[in-house]
Amino acid sequence: MEDIAKEETLQLRNRHVGGACKLFFASDPLKIVRASGQYMYDEQGQQYLDCINNVCHVGHCHPDVVEAGYKQMQVLNTNSRYLHDTLVLLAKRLTETMPGKLSVVYFVNSGSEANDLAIRLAKHHTRGTEMLTLDHAYHGHVVSALEVSPYKLRQQVDDSHPPPDHVHWVSCPDVYRGKYRDRDYPGQDIGQLYANDVRDVIHKIKQDGKNVSFFIAESMQSCGGQIILPQGYLQSVYKYVREAGGVCIADEVQVGFGRVGSHFWAFQPQGVEPDIVTLGKPMGNGHPVAAVVTTQAISDSFRDSGMEYFNTYGGNPVSCSIAMAVLDVIEKEHLRQNALDVGQYWKAKVTELMSQFDIIGQVRGQGLFLGIDLVKDRETREPATEEANTVITRMKEEHILLSTDGPYSNVIKTKPPMCFSKNNVDHFMEKLTVILTEVTTQRTNTNVNSSQGVSNGLTGGNTDVINKDDGDINKNICTGRKSMKVH
Ligand SMILES: Cc1ncc(COP(=O)(O)O)c(C=O)c1O
């Protein structure tokens, strides 16, 4: 399945592909030539268990999805200025999965485009200028989405994208390592403590004579380190934002389409109804199709601006057929239920492991979205970044693909295709147990040696391979350079 040898592929990539595009496992990159279900295969036919691909949602190269695209390509592909059944049926079907007022769809091609359009909709509808986003959030690579993505802005070293004054970073409501920690506020409503900060920021905006346009957040924060928002947080924040005349955007680009298991959308367990929802990655199972779903009123404000919205590829019949097939497979194969069952099983298994390895500080997640927070010390919760890096490097050697995330890249994250099975979990657990034993033994030896004055490098494996989900593999630990901006 190779056109050229792996070494040549790498050389050509280094020569002709932009250096800002990073490879997973940079010092020993994988060449993947085919995939099926939850498995990927390299050029030598070796199989890898894919624990991180939430784009190939219903399984890599699912035959129903492939066939839907192939069939439609044989008949017609054109833009959305012609009437087409699949486009309207898909719009109807998507809105049926959402609260009733979210009844209007705009089709686009990527999560970044979806968030860019959501920002435009909010601006037209509210006429506000001020935007609120969570610290460590990522919402896309286009300029408008980048402006509300502290995750990226924090990484730059040349300050060519200064965080704009109209974007207000509010603390990520991380109850484990954030500003308000569960341990420091026993018995208190931590969601409300974090929401109070948002209320205060809004108050300040008003005092400055400005108006709120929107609040944007993922319904579970993936790039921030698999953060599960505390119950009640979004309810309070949405209330404050709306009272100030703003609208609420839920970014479901990573976490939507049944991944949480209990519901189809990750905002649903939070008991909120967003004004705008953005969809992407899983929607096309690897084919670029995305969407914005909003209310009639917000859509009308946008229409009334007088600017036509035209997107050459957004809503083309091939993309719509593919997205329709994805919805069919989720239903037909009961993948939401599978996410619930396998996710609960997985979380329980890793939680059990905590009694054996105190390097595991916390296990958090919902459905097939899990974060394993590795710490040097359970008391201080100091992030075990190098150890996390070693774990994912060693797991790759065992043919299990994972990534790390969070401000300190110490959270091992899993978000596999939704067909992931309990057997896959058992295999993962077997390898993880072996590797954590290695890592913790090495750590103990290092501590003993260093207390005896012997110098020793801590980790095995390579240390240049921190894998970031959206392609950021820089070993660039967030130092809080821009923390001045966080309210
Ligand atoms: C939460 C979130 N929103 C938006 C995007 C942007 O999506 P895309 O890469 O399809 O433009 C991403 C991509 O990683 C994401 O994780």
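Visitor: What share of the 487 residues of the protein chain counts as buried?
Guide: Of those 487 residues, 50% count as buried, where a residue is buried if 20 or more other C-beta atoms, placed from the backbone, lie within 10 Å of its own, exposed if 12 or fewer do, and partly exposed in between. This is a predicted model, in which local features need pLDDT of at least 70 and side-chain atom pairs count only at pLDDT 80 or more, while totals for chains, interfaces and linings use all residues. Residues are numbered from 1 along each chain as its sequence is written.

Visitor: OK, and how many residues has the largest nonpolar core?
Guide: The largest nonpolar core has 124 residues, and those with the most contacts inside it are Ile 249, Ala 291 and Val 292. A nonpolar core here is a set of buried Ala, Val, Leu, Ile, Met, Phe, Trp, Tyr and Cys residues joined through C-beta atoms within 7 Å. Helix α10 (residues 317–332) gives the most to this core, with eight residues; helices (H or I, at least four residues) and strands (E, at least two) are DSSP runs, numbered from the N terminus.

Visitor: Why does that core lie between the domains?
Guide: Domain 1 (6–61 + 335–445) and domain 2 (63–333) both give residues to this core, so it lies between them. The domain bounds come from an automatic or database domain assignment.

Visitor: How many residues of each domain are in contact with the other?
Guide: There are 29 residues of domain 1 in contact with 29 residues of domain 2, a contact being two residues whose C-beta atoms, placed from the backbone, lie within 7 Å. On the side of domain 1 that touches domain 2, α11 gives the most, with five residues. The C-alpha centres of the two domains lie 26 Å apart.

Visitor: Back to Ala 291, what does it touch?
Guide: Not counting residues up to four places away in sequence, Ala 291 touches several residues, including Leu 94, Val 105, Phe 107 and Met 283. In β10, Ala 291 is also the bridge partner of Phe 107.

Visitor: Is strand β10 mostly covered or uncovered, and which strands pair with β10?
Guide: Strand β10 (residues 290–295) is mostly covered, since six of its six residues are buried. Strand β4 (residues 102–108) runs antiparallel to β10 and is joined to it by six bridges, and strand β9 (residues 276–279) also pairs with β10 in the antiparallel sense, over four bridges. Two strands pair if DSSP finds at least two bridges between them.
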